[in-house]
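Student: Hi! Could we go through this structure together, starting with how some helices pack and then moving on to aromatic rings?

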Amino acid sequence: MACLFRRSIAAQLSKILGTATEKLIPMVSAVPVSKKQQTLDFRISVNSVLEKGCLRSGSTVQSQAKQLSEQLTCDDVVTEIAVGQGTINFKVNRSLLAEVVMQEISKKGSKYGIESELFQGYPCGRVIVEFSSPNIAKKFHAGHLRSTIIGNFIANIRQALGNDVIRINYLGDWGMQFGLLGAGFQLFGSEVELKANPLQHLFEVYVEVNKMAETSEDIHKAGQEFFKKLEGGDEHALRLWQQFRSISIEEYKKIYQRLGVHFDEYSGESFYQEKTQEILWLLDQKGLLKKTTQGTGVVELSPNDDLAVYAKMVRSDGTTLYLTRDVAAAIDRMEKYNFDQMIYVTDKEQCTHFQQLFGVLKIMGYNWTERCRHVSFGLVKGMKTRKGDVVFLEDVMNEARCRMLQNMAASKTTKELEDPEDTAEKVGVAALIIQDFKGPLLSDYEFDWDRVLQSHGDTGVFLQYTHARLCR
């Protein structure tokens, strides 16, 4: 419970500086935990005290930090005080910390930490969080794991703080990749195999048709033609698309249930294929849509008006792009939900896309673009099962459960369980989630099964073990 300790530190400073405790509390910040070196728990920057007018400027910041620290004393709460670079650092009574935290958790339950005075005045509103967003007709790829975990975490935190949170799964259910899939299925797809193992068969078709398109211009053109039929409302193409979409969503829901994730809305690029024409018309009317020598429609994002930086909005054959549909989706969501903030959670390779998205919206005159934010993250590398490189997240989760079962069977301390598979499933999922939270958000990380499933250290397995012991 950081606030009790912040308040105690601020109260001491209040007596010395003649400033209200409440004004000083926000200036006392927690020091991040470091594995490499022992750190103190809290610090206050002398510069922040000066900026708030709580301390008169005089000698150097360092000497003022020293002078101020000499007037502070250790007590039952603060056990150590030290001077840093322009800061005063504090170490607190760890026994008291543990005692207070456990009392507060017992008293407040799921509200623990949420009712902190640090959140007083926190602005609440309607927040849209778009995350996960896999592609239809393909199994849930392991690359979507981070978006799902991080997006769900953001949504949970915002909801706990009192926001009206809308969780949107914006499916990749339109575009040229689906044109290729549709063309491929018409060439060598099988209704029998589709019934027996739907996503596996669609994945195999997708891989094969992409391989063929690399060397065959005819296959590439067939994909373009199928997508053009889709956008034109062709009955056969739409029926095939709807079949693939329904199959995919049902399979995704099974994965989300295992991860403990839910959505308020399953949307998709397809929802906006008609609205994209309105967007293109509006851009044209505003004089923002320009044609390149290749015939593609672009929006100028360069301040010099020289097409040095632009966003491609429509192909030369008239078909729209992912960006066009994202612009339509953002405008539609503002009209539908009147959101206070919209957060997109995707990997860092899409940073340019979102810069273009926000750039186009801003040029179109939508001031609420400032409420939109892209939360990016690094990639997962080296994720493998015993069968080889991972393609699907389902394989990763099954592998985690299988390995946990083996670890539990090999451990002498494992007690007899009513449902060992269910326990292994829950501990395995926790291991995957905690592994993802361990590293810096923007950093790529190497996936290592031995490290993920360790029973000691900062792992999901140890977290579940500790929780089980506390509940006894």
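Tutor: Happy to; what follows is a chat about helix contacts and aromatic pairs in this predicted model.

Student: Great. At what angle do the axes of H13 and H14 cross?

Tutor: Helix H13 (residues 322-337) and helix H14 (residues 351-363) have axes that cross at roughly 55 degrees and come within 10 Å. That makes H13 oblique to H14.

Student: And is the crossing of H13 and H14 left-handed or right-handed?

Tutor: Right-handed, as H13 passes H14.

Student: Which residues meet there?

Tutor: On the H13 side they are Tyr-322, Leu-323, Asp-326, Val-327, Ala-330 and Ile-331, and these meet His-353, Phe-354, Gln-356, Leu-357, Val-360 and Leu-361 in H14. In that contact of H13 with H14, nine residues are nonpolar, two are polar and one is charged.

Student: What about H12 and H13, how do their axes cross?

Tutor: The axes of helix H12 (residues 275-285) and H13 cross at roughly 95 degrees and come within 9 Å. H12 and H13 are therefore roughly perpendicular to each other.

Student: Which residues of H12 meet H13?

Tutor: Lys-275, Thr-276, Ile-279 and Leu-280 do, and their partners in H13 are Thr-324, Arg-325, Val-327, Ala-328, Ile-331 and Asp-332. For the contact of H12 with H13, the split is five nonpolar, two polar and three charged. Val-327 and Ile-331 of H13 also appear in the contact with H14.

Student: Changing topic: how many aromatic pairs are there?

Tutor: The count comes to 19 aromatic pairs. One of them is Trp-174 with Phe-227, an edge-to-face pair at 6.0 Å centre to centre with 70 degrees between the planes.

Student: Where do those two sit in the chain?

Tutor: Trp-174 is in the loop between strand E6 (164-171) and helix H7 (176-188), while Phe-227 is in helix H10 (residues 217-231). They are 53 residues apart, and the pair links distant parts of the chain.

Student: Are Trp-174 and Phe-227 buried or exposed?

Tutor: Both Trp-174 and Phe-227 are buried.

Student: And how are the rings of Phe-354 and Phe-358 arranged?

Tutor: Their centres are 6.1 Å apart and their planes are at 45 degrees, so the pair of Phe-354 and Phe-358 is tilted. Being four residues apart in helix H14, Phe-354 and Phe-358 are separated by about one helical turn. Both Phe-354 and Phe-358 are buried, and Phe-354 is also one of the H14 residues that H13 meets.

Student: Last one: which residues form an aromatic cluster?

Tutor: Phe-131, Tyr-256, Phe-263 and Tyr-266 form one.

Notes. Residues are numbered from 1 along each chain as its sequence is written. This is a predicted model: local features need pLDDT of at least 70, side-chain atom pairs count only at pLDDT 80 or more; totals for chains, interfaces and linings use all residues. Side-chain values use heavy atoms; hydrogens and water are left out. Axes are lines fitted to C-alpha atoms, for helices over the stretch in contact, and angles run from 0 to 180 degrees between N-to-C directions. Helices (H or I, at least four residues) and strands (E, at least two) are DSSP runs, numbered from the N terminus. Angles under 35 degrees count as roughly parallel, over 145 as roughly antiparallel, 65 to 115 as roughly perpendicular and the rest as oblique. A crossing is left-handed if the near helix is turned anticlockwise from the far one by less than a right angle, and right-handed if clockwise. Contact means heavy atoms within 4.5 Å. Ala, Val, Leu, Ile, Met, Phe, Trp, Tyr, Cys and Pro count as nonpolar, Asp, Glu, Lys and Arg as charged, and the others, Gly among them, as polar. Rings of Phe, Tyr and Trp (its six-membered ring) pair if their centres lie within 6.5 Å; planes under 30 degrees apart count as stacked, over 60 as edge-to-face and the rest as tilted. Buried means under 20% relative accessible area, exposed over 50%, partly exposed in between (1.4 Å probe, protein chains only).
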